Amino acid sequence: MARHAAPYAAAVAALGALLPELAGRWSTPVVHDWDVHATLAHLLAADEHLALRLGVGARVPGARIDEDAEWAAAWERRTAEVIAHEYGRTPEETVAAWSAQAADLLATPYARDPELAAGTTLLMGIRLPVTEHFLVRGFEAWIHTDDIGRALGIAVPPPPEEHLGQLVRLAVRILGGALGAGAPPVLFAVRGGDEWVLGSQSDPVAAELTLDPVDFCLLVGGRYAPDAVPRNATGDAAAVRNVLEAAASLSWL
């Protein structure tokens with residue numbers, strides 16, 4: 001398996017390790033008015049878009065996301081459709097469908113060949129190399145595994161350091177694009193990792209911002225409000241707030 005697919009494989013394995021704890025607790029509320037069963041159904045829907053693009057057959061009947069439509073609305077419709085379908089099946093059947101689809105994704109040539117996966121494709125409103133869409137899948141699988149763990153009172157460890165670094169760098173690239181070249185420049189760093197200038201590359205740095213890498217990912221994943229995420233910041237408070245709000249706005253999870 002290539003490096004770009006490793007975070008997704010690890011996140012799938014982490015959720016698989018949590019599954020024995022779910023027996024009898026499928027109706028526990030998790031997030032977005034979803035219980036544990038619906039959260040697994042959501043992951044089945046979330047992975048489906050990339051799976052179909054890479055030639056993996058659908059495991060749930062119904063409509064597909066039309067890239068010509070407004071993607072967020074189409075995505076919400078498909079997610080609701082899959083959750084409704086899976087509520088007609090047992091949680092164990094939903095888990096089996098999700099697990100089989102994940103295994104099929106990881107068995108595609110795109111998961112093994114970085115050169116093949118270097119080509120870009122448009123998914124969920126953003127055009128990225130397939131390598132990075134695999135990272136997005138890993139990001140989402142980890143976030144929802146963490147959601148389930150929190151709901152059940154079970155500590156879920158963060159991704160291994162190498163995988164976490166890959167997810168942070170992906171999030172920073174997307175955040176940089178969202179901010180654009182006209183934003184007040186902020187020197188952004190993650191503790192123990194790299195640093196980047198976000199926003200304008202030609203103006204003097206207006207502020208410095210440092211976040212824990214897990215907290216940064218949780219912010220991007222919509223699990224922290226911009227004003228609640230722990231941070232170290234100096235300089236222009238408005239420039240810092242702009243970065244934090246842009247990061248939080250990226251969430252689709």
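A polar contact is taken here as a pair of N or O atoms within 3.5 Å, where, within protein, one atom must be able to donate a hydrogen and the other to accept it. In this predicted model, such a contact is found at the N-terminal end of helix H7 (residues 213-220), which is capped by Asp-212, with a side-chain oxygen of this residue placed 2.9 Å from the backbone nitrogen of Val-214. After H7 comes Gly-222, which has a positive phi near 80°.

Helix H7 is mostly covered, seven of its eight residues being buried; these are Pro-213, Asp-215, Phe-216, Cys-217, Leu-218, Leu-219 and Val-220. The buried residues of H7 pack against helix H5 (130-152), H6 and helix H8 (237-249), and also against strands E5 and E7.

Strands E5 and E7 belong to an open sheet of four strands, arranged in the order E6-E5-E7-E8 with mixed pairing. Strand E6 (195-198) and strand E8 (232-235) form the edges, each of them pairing on one side only. On average, neighbouring strands of this sheet are turned by 15° against each other when direction is ignored. Helix H6 (residues 161-179) packs on the sheet, where it touches strand E5 (186-190) and E6, and the direction of H6 makes about 15° with that of E6.

Towards the E8 edge of the sheet, strand E7 (residues 207-211) runs antiparallel to E8 and is joined to E8 by four bridges. Within this pairing, Ala-207 has Gly-235 of E8 as its bridge partner.

Conventions
Residues numbered from 1 in each chain as written. Predicted model: local features only at pLDDT ≥ 70, side-chain atom pairs only at ≥ 80, totals over all residues. Heavy atoms only, no water. Pairing = 2+ DSSP bridges. Helix = DSSP H or I, 4+ residues; strand = E, 2+ residues; numbered from the N terminus. Axes fitted to C-alpha atoms, helices over the stretch in contact; angles between N-to-C directions. Contact = heavy atoms within 4.5 Å. Buried < 20%, exposed > 50% of the residue type's maximum accessible area, 1.4 Å probe, protein only.
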